[in-house]
Amino acid sequence: VTITTRLLVSHLSGIRHYEKDITKVKEEKEKVNKALKLTKSHQDKEQKEKEGKGIEKTDCVKQKKEHDSETKSRNSKPGRNDKEFEQEEYYLKEKFESVIESLKIFKNDPLFFKPGDQFLYSTYGFTLLSAVVERASGQKFTDYMLKMFRDLDMLSTVLDDNEAMIYNRARCYIYNKKGRLVNAPYVDNSYKWAGGGFLSSVGDLLKFGNALLYSYQAGQFKNRNGKLLPGYLKPSTVAMMWTPVPKTEVSWDRDGKYAMAWAVVEKNQQYGCCRQQRHYASHTGGAVGASSVLLILPEELDPETLGSWPVAPPRGVIVTIICNMQSVSLNSTALKIAREFDKEKRAQ
């Protein structure tokens, strides 16, 4: 088979995640799909009952409380036990000197499916991706990334190296089996730098989000007298990264699809005065003792104002949350915050 970087970045490679047993992975997927079907059938039943009672819609109703089932099906309580964190490989303590060396963890394991056929979120897929970056750039993956962070002015973003003295590094926490709050166990993340091996701050992640949003929108603005600098990436590159890929899915937002290292919800409104989907990109993060999210909600630009200076990119709302607690679902919270700020901007 052939595994391309595009397949890796969209989690379609067939490379396993932490679970080595494909039967358990299939069972878990079936449970999730069944739960989603039950939720949808319940919503359809409620809708039919309302229609049967002759409820008359006389005015545009406020959008239904954001997804009745959205919070129930996806959001876990803070610190709730997560089966994924029962996997032993989350707690590796071995120090790997290079990303090439860390490939030995999974390189001899069978693929779970033919590349391109199915979606399976895989941290190890990103470990292989980091090895590709290392060979293509001719330098260590960590050096390559740290230079990029400097370019983006993300000076607080560093390797999560246990031995290094890192000022203001937060302690991380988990709930033990008795439900008590305890310190997270020691782990060494050198086996997965690309999939969970960096420490950052909300300020740095906002800079990262702004750089991406600027790059995405820069091509839509008229460049007056060369005042508008180019983005860090080409607009077409970010647009490609934020274009949903077929056969993908997103566990933290069932409206979304996976794109290239981002979950994306596309703009969609099927009926007037009804539920509306705004275009946004996001990604959550889960590690031993920590949870995070970065969400980018681009502003819906008016073509008439794009040429009027000083209106310039980035235009939109960026929300990032980092908490030092394991297994906290943050995407819906970030989306609600983004919508409130967006509503406030439009009201001005």
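**Strand pairing and burial in a predicted model**

Modeller: In this predicted model, strand β7 and strand β8 (residues 290-298) form an antiparallel pair over seven bridges.

Colleague: What makes β7 and β8 count as paired strands?

Modeller: Pairing requires at least two bridges found by DSSP. β7 and β8 have seven, so the requirement is met. Within this pair, threonine 284 has valine 293 of β8 as its bridge partner.

Colleague: Which residue takes a positive phi in the hairpin of β7 and β8?

Modeller: Glycine 289 does, with a phi near 85°; the hairpin has two residues between the strands.

Colleague: Why is strand β6 (residues 263-265) also said to pair with β7 (residues 280-287)?

Modeller: Three bridges join these antiparallel strands, and the criterion is at least two, so β6 and β7 pair as well. Here valine 264 stands opposite alanine 281 in β7.

Colleague: How do you know what span to expect of helix α7 (residues 202-218)?

Modeller: The expected span is 1.5 Å times one less than the number of residues. For the 17 residues of α7 the expected value is 24 Å, and the helix reaches 24 Å from its first C-alpha to its last, close to that expectation.

Colleague: Why are Leu205, Leu212 and Tyr214 of α7 called buried?

Modeller: Buried means under 20% relative accessible area. These three are among the residues of α7 that are buried, which also include Asp204, Gly209 and Ala218.

Colleague: What covers the buried residues of α7?

Modeller: The cover includes α8 (235-241), β8 and β9 (316-323). Across the protein, 38% of the 348 residues count as buried.

Notes: Residues numbered from 1 in each chain as written. Predicted model: local features only at pLDDT ≥ 70, side-chain atom pairs only at ≥ 80, totals over all residues. Heavy atoms only, no water. Helix = DSSP H or I, 4+ residues; strand = E, 2+ residues; numbered from the N terminus. Buried < 20%, exposed > 50% of the residue type's maximum accessible area, 1.4 Å probe, protein only. Contact = heavy atoms within 4.5 Å.
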